[in-house]
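Here is a short tour of two strand regions in one protein chain. Have the model open beside you and follow along.

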Amino acid sequence: MSYPRYWQPERVRTVLTTESRQKARELFLSTHRPFQRIRVDFCKEPDVATPFVTESELRGILHAAPLSAHNRLFFVVGEAGSGKSELCQWLEYTADEDSRLPIHIPRSMTTARHVIALLRGRLNGGRLTTAHGTAPPMVRAKHVAVSALMLLYNTTDSLSCSRSQLEAFLSNESLISCMAARLEQDDDTAGKRQRLVVEADVEDICSQAGWHLMPEALAELSAAATDLLERAAGEALWLGDVHTLLTELCSRCVQRGQRPLLLIEDITAFQVLRDVLLDYLLDLSSGHFDAVIGVTTGFEKTQLAGAMLEGDLTHIHHRLRARFVLTDDQGCAYGLAEDVLCFSSAYLRAVREDRASAMPAAFTSDSYDLYPFTETALVRAFSCLREEGNVRQTPRLFLEHVLGAVLQSEDIPSVTLDRSAYLARPPVIFRRDQIVDDRLESLLRWYGTVKDRAVTLDAHVADFFGVHVPPELRQGERIVVPRISAGVRLDHVALEEQPRWDNELHELQHWLDTGERYPSRETLKRGIERILFSLGDPRELTGVQCRSLAASKVVYARGDEHLPMYLEGDSGDVPADNQHPKIEVTRRPSERGILEELAFLALPGNEIHEACSNLALTLEWAQTRWQTYHVRLRDVLQTHLGDCSVEHVIWTGWRMACAIAGTPWNETPHIRPFSDASILHSAGQSLWVEANEQSLRQAADDLMHWHDVFRRLFIGAFMLHDTMLDPVHCAAFSADPLLRGRHVLDQLATLPLRPLRTAPFKIRPSGDPLYEPLAALQRYCLLTGQLDLRRQLQLHIQELAARHRHLRAQRGLQFDRLPRLLEAFRLRCGQLGIAWREEWSAACNLDVLNAQTIRRLEDEVHELNGPVDHAKHADAPNVWAYHDLRHRLIALRCHPYWQVKETLDTVRQELLSAAQVRYGSDRIVPAVPPTYRRVLKELRATEAELTRG
Amino acid sequence: MTSPSLGRLLISHITLRGADLEAIYALIQAHEGIEYPALRAHVTPLNTGSDDFGLQESALLETLNFLLGAELIEQRGASRRKAAFHVTPPLVGQPFVLQLLQRLTTHHDQRQRGLSLVHRQLVTNDVLVAPFASLRNQMERSPYANLFVWTHEKLAFWSHLASFAGLVRRIERESCVLLAPQVRLAKDALTWALGSVEQEGCLAEALEAIDQNLFACFTSRGRVHCGLTQTLVALHRLEYIRLLHRSDAARSVLLGDWRVSDVTVLL
């Protein structure tokens, strides 16, 4: 359906031209909007303070040079369609003609022949001539042929035909005659030039020369020859001595009191002449030009820089007087967004035939008549301009693809905008189930005003375009349609889910907009949870990388299987606190799309790659939340562990268990399981045997109860798999100064464990609370920390010295007599009424005792004395070394010799006590202390007494 | 220098994982010329029990074999157990992952490029999501079908290694591989590639350098792979890089519908 138009298509084509030169001067000046923001770089002009200038200030800069000043080179840089030509055209029209001679080289005039003709025209008062204009046609034709041969010899490119054939053709006399005839015709038509050779000429020349070529070969020869000849003609006939020409042009202008103002709209399109012209202008002392050269950004960076000997633009930039930039890095014209209404209004007014009558109020904004647009539509269309996916808010795209397209289309404007390949469609942000008419949907999309809860539109706009509006959408003079989500593809929602989805998305959008209550937030949470779990479980605090089946992990086990989340604002969630972290989801605008997609992901049957428009972006978003939550959980655990990390606890726990069990390790750990249950159960008993070590004994036994838990945690935290340590991690802990001294042990000993008792940290898969093994470790660390190691070591030194003395005294002992003496003991026991116990017999295994055994034992005692003494005199006695020494000491104590000795001492003691009772003799009162020598003496005495008896 | 048992396919080291490779490589890098016994001491837990079948060292030997096969390290010595080891990084100063990818992509033996070719095949077909179950089928129908016998184990190893490198995301719960390179890898690769391109900041050249040296970037139709496109766009939106198109730039690529000529690494 049509709508009222106040313009003719022909008029639109006249006003909205691609090139500014296509417009008449008056029309140009009536539609030209002044450039208000032109960024200036590399400026060498004084008094240009701000980074932006207006076009008038730019002209002032151009006109500032005195007549005799050397070449001044200016670049106008911008994306295609940003207004370089417009600016050049405006400079041409508004140049001060008393002091400046503008020479405007438009984009369409970029071949060498055209440009040189234009320059010569300026030199000769408008008459176009060639460099060889006075030479006879035959001479010029020969010159072209020779130049073409030179090009052939110099080219390294592959040719479609053979070089020898081409060489013969270019040397052919018929060719020269043919070209001369053409040149003569050109001279007669006053510069209206035709091609020197066409395919038919090539065919004639070949047949005259007697060359019989197949059609394909002829076509290839023709293409190669005409290309070479045209290039040669351009260089030989039209280019001439450009340097001389420009110098002459300059000097003539200066003589007339004018500086030549060279306006080159777009040097991108220049071919042969570009390098010559730039060489001339960059030689600053070569003339008196003010040269304004338009270049596109990409061309400047890649091709212009590539053409320079140095490969970059430094050489050019040093010689620039100023560089004027029309677009920003995103390809948007500076100042156009702020000026878009005024800019559009000027063109729309120029297009309209009846400019006097007022347009409908719905299409006016401030004092601008914008019909058939509204302010909203123009601003929205401008912001949606794209070219190959890039934001390109340039005047040309706006004129051609917004204003021009709409004014020339038969459809209503919004439908035309919908169809444009240069406009990114705005998302649907209203409930489409209420919009039956596609044209109304389109109209709302482009013309609708977005409010918090609805999209609204002046009903007159729809009426004017003849778009039917259902009565239920009308609210007085306005159309009001409730808002829903943006971005998410409703097509992917199952039909039966759509109402629910609409509602949930509406709530999500409302929360995103306002932070207010979000009743269906569980949907979003399940979507977020799904993407987070795809990266692993953030609650696993250790052992993430280990692949051993024997590994255990420390996990945060608060709540159920769902990840705790907090949606910020008044969504209804309880915020996290320091001890109970949650995954925090914010409402930043950059996250909106991701959150909508994740809510969508929670719907049944949706896959991640279907729900997420950019997987990498969503996964990166998730990774950041995952990591933040994981770190916070570790921080919480850290608050319970002081300076220690959980890895410190695991390292120390396993090392301590090994130390108690007598299988210590220092820098390189082992993971041997203690398969012998008796070792486990008696490790503490055998290590801490003294009566005053009861509490240590108990603590050691308690810790050993958790030895396998610590072992598995160690595997998880420090191993890559069953047989490979994580060498980097282990090396870091081996070298950790906290672990080298008592720091970690002291920290563990003084940890306030009460809060950890209720903290939700568990060990997976066993399910034990982390508190329990940690409490056992703490108690043991506390008790070992309370030990006065120096005093302990001093006692050990004394013990070792006593044992050594004792053993040395046994060197003369006759071991072969011992069984007989033991038998005598037994006999005496019988006489004194003492029952001989089986355990005495079992303990007195005299077979293991001989001179060598005792000597070896003596040596061992002596050897151990050294390390113990060394440990005692160390700066800080080491608890790990002490465990090791203690194990060695206990091994010595357990030697069978001492068992025999102790048994005999016991027997002797009982015997003498009984004898004293029976005999009452002072002679047989036993002496103390009970050394073995004394025992033997007693035995001998007993033997003598028995013999006597 | 002696030759390792290089006849074994890299893709057959199915028990290995990227972390093992990185750990051993880092260890050798930190101790240039380290000998086998020292290496074993660093890596193998102390053990007094018998190890008649050498199981304790098997993981280390397997890892060394892979690194030697991939030419990331070299051994000097009569035999593996008497040798000293040195790293041979192809890209000086770059992270291990880039070194690994470079070797896997440019290995002179095509069969040893198998790990790289799986990704290349999927990228060539512009696959974004590959279920685990479909990988074998895809490779057996590919031009690389006859390189060797494709097994689920080999492809599982590839998915683990590619996930470690950041080439893909292995989603266990969904039983699939997402072929969108991780942001960090893409940024590292771009940073490296931009140092070697002729035209400063040229994205097309950078991607070609990555395609030739690190991992596949282009589909069979010459377009940038959809997953990589998403990652590049993500990098741009997260402001790790800046992508833009300059009019008349000599070279440009299409990221989806977005034409881009230049890239700048921002952080």
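In this predicted model, Arg72(A) has its bridge partner, Asp290(A), in strand 6 of chain A. That pairing belongs to a set of 6 bridges between strand 3 and strand 6 of chain A, which run parallel. Strand 3 of chain A also pairs with strand 7 of chain A, again in parallel, through 5 bridges. There, Val77(A) is matched with Val325(A) of strand 7.

How many residues of strand 3 of chain A are buried? The count is 6 of 6, so to speak a mostly covered strand by the under 20% relative accessible area cut-off. In a regular strand, side chains alternate between the two faces of the sheet. On one side of strand 3 of chain A sit Arg72(A), Phe74(A) and Val76(A), and on the other Leu73(A), Phe75(A) and Val77(A); both faces are covered.

Now to another part of chain A, where strands 12, 13, 15 and 14 form, in that order, an open sheet with antiparallel pairing. Strand 12 and strand 14 of chain A each have a single partner strand, so one side of each lacks a neighbour in the sheet. Within the pair of strand 12 and strand 13 of chain A, Thr449(A) has Thr456(A) as its bridge partner. Helix 19 (residues 438-447) of chain A lies across strands 12, 13 and 15, at about 95° to strand 13.

The strand pairs described here compare as follows.

| Strand pair (chain A) | Bridges | Direction |
|---|---|---|
| Strand 3 and strand 6 (residues 290-295) | 6 bridges | parallel |
| Strand 3 and strand 7 (residues 320-325) | 5 bridges | parallel |
| Strand 12 and strand 13 (residues 454-458) | 2 bridges | antiparallel |

Conventions
Residues numbered from 1 in each chain as written. Chains lettered and ligands numbered in written order. Predicted model: local features only at pLDDT ≥ 70, side-chain atom pairs only at ≥ 80, totals over all residues. Heavy atoms only, no water. Buried < 20%, exposed > 50% of the residue type's maximum accessible area, 1.4 Å probe, protein only. Helix = DSSP H or I, 4+ residues; strand = E, 2+ residues; numbered from the N terminus. Pairing = 2+ DSSP bridges. Contact = heavy atoms within 4.5 Å. Axes fitted to C-alpha atoms, helices over the stretch in contact; angles between N-to-C directions.
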